[in-house]
Amino acid sequence: MSAIIIVGSGLAGYTLAKELRKTDKETPITIITRDDGRFYSKPMLSNGLSKNKTADQLATQTAEQMAESQQLTVLTDTEVASINVNDQSVSVDGRTGSQTIEYSHLVLALGASQIRLPIEGDGVDSILTVNDLADYAVFRDRLESAQRVALIGPGLIGCEFANDLVSIGKKVTVIGPDKWPLERLMPQMAGEALKGVLSGQGVSWILGNVVKRVDSVSGGFQLTLDNGDTLEADLVLSAAGLVSNTALAADAGLAINRGVVVDQYLRTSHNNVYALGDCAEICGLVMPYVMPIMIGAKALAKTLGGEATKANFPAMPVAVKTPSHPIVVSPPADFGAGDWDSEAAEGDPQNGVKSRFVDAEGTLLGFTLTGSTVIEKMVLQRELPAVLPDE
């Protein structure tokens with residue numbers, strides 16, 4: 001029996017299936033997904049508003065089209081109830097009932113979920129998150145009657161949404177404990193430059209504070225901050241970060257930490273079970289971006305085809321989708337290993353900021369480029385060490 005099961009129909013799951021089919025047209029591949037299985041680019045969710053895209057327009061192929069083009073079986077609206085690693089089978093519950101499916105290789109492409117913050121109040125259940133097409137559809141629908149948006153989280157996704165929302169005329173207030181936007185990824189001069197540009201576009205900032213309560217009031221919501229201040233909004237969006245989906249793996253007895261623990265071959269703690277994408281912790285690293293998925297999928301497809309192949313990750317800068325002030329970040333693996341050195345373009349940070357993170361010997365370990373300086377990405381990228389090299 002040779003059959004591959006992939007749990008998850010996001011970018012990781014479908015990309016792996018496509019890579020497998022490049023060299024293997026025969027092995028049965030089944031993708032199991034709890035949603036409708038449409039193929040789309042998840043990064044588009046945070047800038048779909050400015051492009052005037054509905055959820056249906058963001059989807060490029062249906063599950064049926066993916067199944068036909070890649071010769072797959074796609075089980076939609078189906079939940080994996082359990083994994084039996086000893087019997088090499090999964091038990092599922094779907095529209096056609098319950099069944100057990102055997103596998104020769106199992107790949108967990110479970111993704112990650114939005115962090116739910118410990119916020120009180122009777123409006124908590126109305127706080128929106130946008131983590132998939134269905135979320136985006138609800139978000140876009142609710143926005144039609146909302147003008148004031150309270151956005152919790154000044155990180156990468158929060159800043160992308162802030163830029164997208166203000167670009168369509170919404171009044172946006174970003175709230176979070178950070179001292180400046182994207183504090184965990186880049187230094188203060190770069191963060192303040194982004195803050196200044198987006199402020200000029202109409203974004204308001206409440207930083208160094210957190211939301212304690214969200215209560216329903218006439219016409220919207222009242223947010224109470226930790227310092228006692230309040231503000232009102234028509235819609236509350238949380239973009240406080242992601243946490244890897246690991247419950248299914250944990251229940252199966254697989255090793256988990258911040259994600260499903262895998263080695264450089266993307267193997268979990270049990271034979272013939274692998275993990276890929278946002279749910280995976282690869283050699284101690286969680287890499288929740290597109291490029292690690294593409295690299296990992298190519299390597300894993302070779303491994304599943306019989307040619308054991310490590311996933312070797314070079315430096316992988318990430319473009320932040322804030323078109324008002326473009327940003328490319330490649331943060332260091334260890335912020336304790338050096339210091340930031342920043343300079344403003346033409347003496348004005350709002351023109352752009354180039355920040356280099358170097359160790360005591362002057363070796364480049366990371367960088368941030370904003371505004372006009374993003375054109376230097378390729379030059380600096382070549383200087384960076386690999387994230388996970390082929391040792």
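Guide: Let's start with the second largest pocket, which holds about 230 Å³ of space. Bear in mind that this is a predicted model.

Visitor: What makes the lining of the second largest pocket, and which residues lie nearest its centre?

Guide: The lining counts 15 residues, and those nearest the centre are Leu20, Thr23, Ala301, Lys302 and Gly305. Helix H1 (11–23) and helix H8 each give at least two residues to that lining. The largest share comes from H8, with four residues.

Visitor: How many residues of each class are in the lining of the second largest pocket?

Guide: Four are nonpolar, six polar and five charged. Gly counts as polar in this scheme, so Gly305 goes into the polar class.

Visitor: What about closed spaces: how many cavities of 30 Å³ or more are there?

Guide: The count comes to one. About 40 Å³ of space lies in the largest cavity, and that value is set against the cut-off of 30 Å³.

Visitor: How do you know where empty space is left?

Guide: You roll a probe the size of a water molecule over the atoms, and that shows the empty space. A set of points counts as a cavity because the probe fits there but cannot get out.

Visitor: Which residues line the largest cavity?

Guide: They are Leu276, Gly277, Ala280, Ile282, Met287, Pro292, Ile293 and Phe313. Strand S21 (280–282) and helix H8 (290–304) each supply at least two of the lining residues. By class, the lining has seven nonpolar residues, one polar and no charged ones.

Visitor: Over to salt bridges. Why is the contact of Glu19 and Lys22 called a salt bridge?

Guide: The N to O distance between their side chains is 3.0 Å. The cut-off is within 4 Å, so the contact qualifies. Both residues lie in helix H1, three residues apart, about one turn of the helix. There is a network as well: salt bridges link Glu19, Lys22 and Lys298.

Visitor: Which label does each partner get, buried or exposed?

Guide: Glu19 has 14% relative accessibility and therefore counts as buried, since the limit for that label is under 20%. Lys22 has 55%, and because over 50% is called exposed, Lys22 gets that label.

Visitor: How do you know that Arg34 and Glu79 form a salt bridge?

Guide: Their closest N and O atoms are 2.9 Å apart, which means the pair meets the rule of being within 4 Å. This pair links distant parts of the chain, 45 residues apart: Arg34 sits in the loop between strand S2 (29–32) and strand S3 (39–40), and Glu79 in strand S6 (residues 79–84).

Visitor: Why is Arg34 given one accessibility label and Glu79 another?

Guide: Arg34 has 63% relative accessibility, so Arg34 counts as exposed. Glu79 has 36% and is partly exposed, because that label covers what falls between 20% and 50%.

Visitor: What makes Glu183 and Lys179 a salt bridge?

Guide: The N to O distance is 3.7 Å, and since the rule asks for within 4 Å, the pair passes. Here Glu183 is partly exposed at 26%, whereas Lys179 is exposed at 58%. A search of the whole structure finds 16 salt bridges.

Visitor: Back in H1, is Arg21 called buried or exposed, and why?

Guide: Arg21 lies in helix H1. Its relative accessible area is 4%, so Arg21 is buried: the label needs under 20%. The C-alpha atoms of Arg21 and Asp93, 72 residues apart along the chain, are separated by 27 Å.

Visitor: Which label fits Lys310, and why?

Guide: Lys310 has a relative accessible area of 26% and is therefore partly exposed. Its place is in the loop between H8 and strand S22 (318–320). From the C-alpha atom of Lys310 to that of Ser98, 212 residues apart along the chain, the separation is 36 Å.

Visitor: Last stop, the surface. Which residues make a nonpolar patch?

Guide: Ile115, Leu117 and Val243 make a nonpolar surface patch of about 200 Å². Leu117 lies in the loop between strand S10 (112–114) and helix H4 (133–143).

Visitor: How do you know that Leu117 has the accessibility a patch needs?

Guide: Leu117 is at 35% relative accessibility and so counts as partly exposed. Patch residues need over 30%, so Leu117 clears that cut-off.

Technical notes
Residues are numbered from 1 along each chain as its sequence is written. This is a predicted model: local features need pLDDT of at least 70, side-chain atom pairs count only at pLDDT 80 or more; totals for chains, interfaces and linings use all residues. Side-chain values use heavy atoms; hydrogens and water are left out. Patches are made of residues with over 30% relative accessible area and no salt bridge: like charges are joined within 9 Å, nonpolar side chains (Val, Leu, Ile, Met, Phe, Trp, Tyr) within 5 Å. Accessible areas come from the Shrake-Rupley method with a 1.4 Å probe; for residues, only the protein chains shown count as cover. Buried means under 20% relative accessible area, exposed over 50%, partly exposed in between (1.4 Å probe, protein chains only). On a 1 Å grid over the protein atoms alone, a cavity is a set of points where a 1.4 Å probe fits but cannot get out, and a pocket is an open set with protein on both sides within 12 Å along at least five of seven lines; lining residues have an atom within 4 Å of a point. Grid points are joined across faces, edges and corners, and a volume is the space filled by probe spheres set on the points.
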